[in-house]
Amino acid sequence: MNKIPNRQVICDVLLEHAKEDRDIVVLCSDSRGSASLSGFAEAFPTQFFEMGIAEQSLVSTAAGLARGGKKPFAASPACFLSTRSMEQVKVDVAYSRTNVKLIGISGGVSYGALGMTHHSAQDIAALGSIPGMRVYLPSDRHQTRALMEALLQDDKPAYIRVGRNPVEDIYTPDSMKFELDQAVTLCEGDDLAIIACGEMVKPAVEAAKLLAAEGISVQVLDLYCVKPLDRDAVLNSARKVKALVTVEEHSVIGGMGAMVSQLVAEYCPKRVKNLALPDEPAIAGKSQEVFDYYGLNAEGIAKAARELMGR
Amino acid sequence: MEKNYQALRAKSFALRQKALDMVYRAKTGHIGGDFSVCDILNVLYNSQMNVTPENFDKPGHDHLILSKGHSVEALYSVLCDKGFFPESDLETFSQFGSKYIGHPNNKVNGVEMNSGSLGHGLSVSVGLALAERMNGSGARVYVVMGDGELAEGSVWEGAMAGGHYKLSNLCAVVDRNRLQISGGTEEVMAQDSQDARWSAFGWNVLHAEGNHVEALDEAFEQSRACSGKPTVVIADTTKGYGVSFMENQAVWHHKVPTDEEYQKAMEELKRKEAACCE
């Protein structure tokens with residue numbers, strides 16, 4: 001089992017680049033520990049800005065730093081960063097086209113037992129609806145690294161959401177296939193497609209194995225690039241299969257599944273089942289307990305797939 | 001070199017004429033706030049700041065964020081006068097498809113950041129000031145806010161950060177015209193305790209007559225001399241300043257002048273401009 005959370009990988013990549021590129025700056029909102037960015041703050045104190053528990057100021061200040069020629073990475077719990085600061089993201093980052101990379105940590109139900117205040121089940125819906133914002137939910141540490149390396153090369157706004165805990169590897173450094181804004185096909189199949197992002201990719205792969213054993217051929221798509229949505233990948237899947245299942249750690253309203261459904265309905269109508277958190281305050285518990293409760297696990301995905309396939 | 005305050009005073013009235021033309025032609029805008037803030041923008045762009053169409057795309061110039069973005073007509077007038085874009089562009093103000101929209105738009109040459117939603121500019125300016133301090137450029141950052149805007153909580157997050165980081169290259173200006181859309185600021189949400197508030201957040205607090213170019217210039221000179229803390233200039237202004245029937249009338253927050261009002265206002269502004277040069 002991998003012991004390195006994706007947030008740690010983000011810090012590692014920034015540490016590797018910050019020495020050579022003194023324009024890289026990191027901002028936190030009393031969140032350097034939970035963002036795994038204490039190491040960055042210690043190594044590069046002049047490139048680190050503590051903004052206190054003030055997420056609106058965090059985002060606006062990052063935008064100002066970008067306007068002044070810096071490359072800011074602003075990290076804060078996804079729940080607060082995405083909705084309390086939504087207007088700052090809309091106006092100062094996206095609308096003003098500043099090179100701000102927003103790191104939403106402890107996304108989804110990572111803070112499961114802390115309740116709805118700390119769940120970020122609306123971040124894709126909120127930030128994805130803003131013109132010019134890109135939204136990424138990498139699935140494992142290797143993809144997180146590749147994504148960070150790619151985003152360091154551009155000067156456009158982006159939101160990257162990662163969970164709190166280590167997640168099992170999907171990829172290996174050698175087998176890693178990564179093109180920015182292109183979904184990754186993890187296995188091929190003709191009967192059904194499972195489209196997942198973030199921490200839901202792993203159970204999607206496991207579900208495909210369960211279904212394969214039952215004679216259902218499943219394609220699994222890692223749609224880490226929720227926005228811009230990889231339309232070609234989604235529609236190629238839809239054309240090939242009889243039905244699709246989407247899986248995400250987000251509200252069923254306005255998330256990746258909703259975007260996929262909208263696209264499929266318009267261009268290649270097929271049945272789509274959205275597995276996600278329901279439109280209610282999510283039950284409290286550890287992440288896995290919450291996932292199990294709502295069927296966001298391999299068995300839950302397989303069950304939905306069987307129903308779609310009439311099994 | 002001695003500054004020509006007479007010419008600067010005259011320019012303020014000329015800039016008001018440009019703003020009036022924009023609002024009258026487009027039948028939309030915020031003329032009252034334009035007229036109160038006009039001297040502040042004029043003094044900053046024409047006496048204080050190192051920013052020109054030639055250096056705007058290069059590092060190291062001074063910055064201005066118009067946080068009270070609804071006074072955009074005043075900003076566009078100043079930028080046009082500075083040569084950032086031709087005067088004919090102003091004829092498209094608020095017209096269908098124009099980039100000269102009713103709040104600052106950084107697709108317009110000379111505009112740093114988009115604004116219009118109140119309470120953002122100060123924190124953005126904190127970021128700019130931090131960046132310029134890192135750059136060692138010596139560039140200064142100015143942010144102009146309205147007094148009604150100070151009710152936004154995000155202003156005080158920015159104030160806290162500016163004080164915390166001792167940003168002496170940051171100067172905030174409050175256009176203290178004491179009126180907002182619903183009436184007097186003291187009735188809507190009291191702002192008279194500002195001195196104590198800014199001081200408590202670690203700021204150097206200055207006052208200036210906000211429609212008096214020499215007084216403003218002197219306050220900005222003092223802000224340059226202050227080290228170890230950011231400065232706020234509370235500029236006591238008159239909403240609608242320059243046109244007697246608009247002054248201190250909340251209704252002129254965004255009222256559009258009739259043909260007759262336009263003629264009267266224009267005559268008065270031209271008369272005052274000419275008087276500055278006598």
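**Exercise 1. Find which residues of chain B UniProt assigns to the feature "domain: Transketolase N-terminal", then describe that span in this predicted model.**

Step 1. Start with the record: the unreviewed UniProt entry puts this feature at residues 14-262 of chain B.

Step 2. Now look at the two ends of residues 14-262 of chain B: their C-alpha atoms are 15 Å apart.

Step 3. Finish with the secondary structure, which is 39% helix and 13% strand over this span.

**Exercise 2. Work out how many residues each chain brings to the contact between chain A and chain B, and which helix of chain B gives the most.**

Step 1. Count by chain: 22 residues come from chain A and 23 residues from chain B.

Step 2. Look for helices on the chain B side. Helix 4 (121-135) and helix 5 (153-164) each provide at least two of its residues.

Step 3. Pick the top contributor: helix 4 of chain B, with eleven residues.

Step 4. Sort the chain B side by class, and you get ten nonpolar, ten polar and three charged residues.

**Exercise 3. Describe how helix 1 and helix 7 of chain A cross, and say which residues meet there.**

Step 1. Place the helices: helix 1 of chain A covers residues 6-18, and helix 7 of chain A covers residues 141-151.

Step 2. Follow their axes, which come within 9 Å and cross at roughly 35°. The crossing is right-handed.

Step 3. List the partners. From helix 1 come A:Asn6, A:Val9, A:Ile10 and A:Val13; from helix 7 come A:Arg141, A:Thr144, A:Arg145, A:Met148 and A:Glu149.

Step 4. Classify the residues of this contact: four are nonpolar, two polar and three charged.

Key:
Residues numbered from 1 in each chain as written. Chains lettered and ligands numbered in written order. Predicted model: local features only at pLDDT ≥ 70, side-chain atom pairs only at ≥ 80, totals over all residues. Contact = placed C-beta atoms within 7 Å. Helix = DSSP H or I, 4+ residues; strand = E, 2+ residues; numbered from the N terminus. Nonpolar A, V, L, I, M, F, W, Y, C, P; charged D, E, K, R; others polar. UniProt positions renumbered as here; feature names shortened; annotations may be inferred. Axes fitted to C-alpha atoms, helices over the stretch in contact; angles between N-to-C directions. Left-handed = near helix turned anticlockwise from the far one by under 90°.
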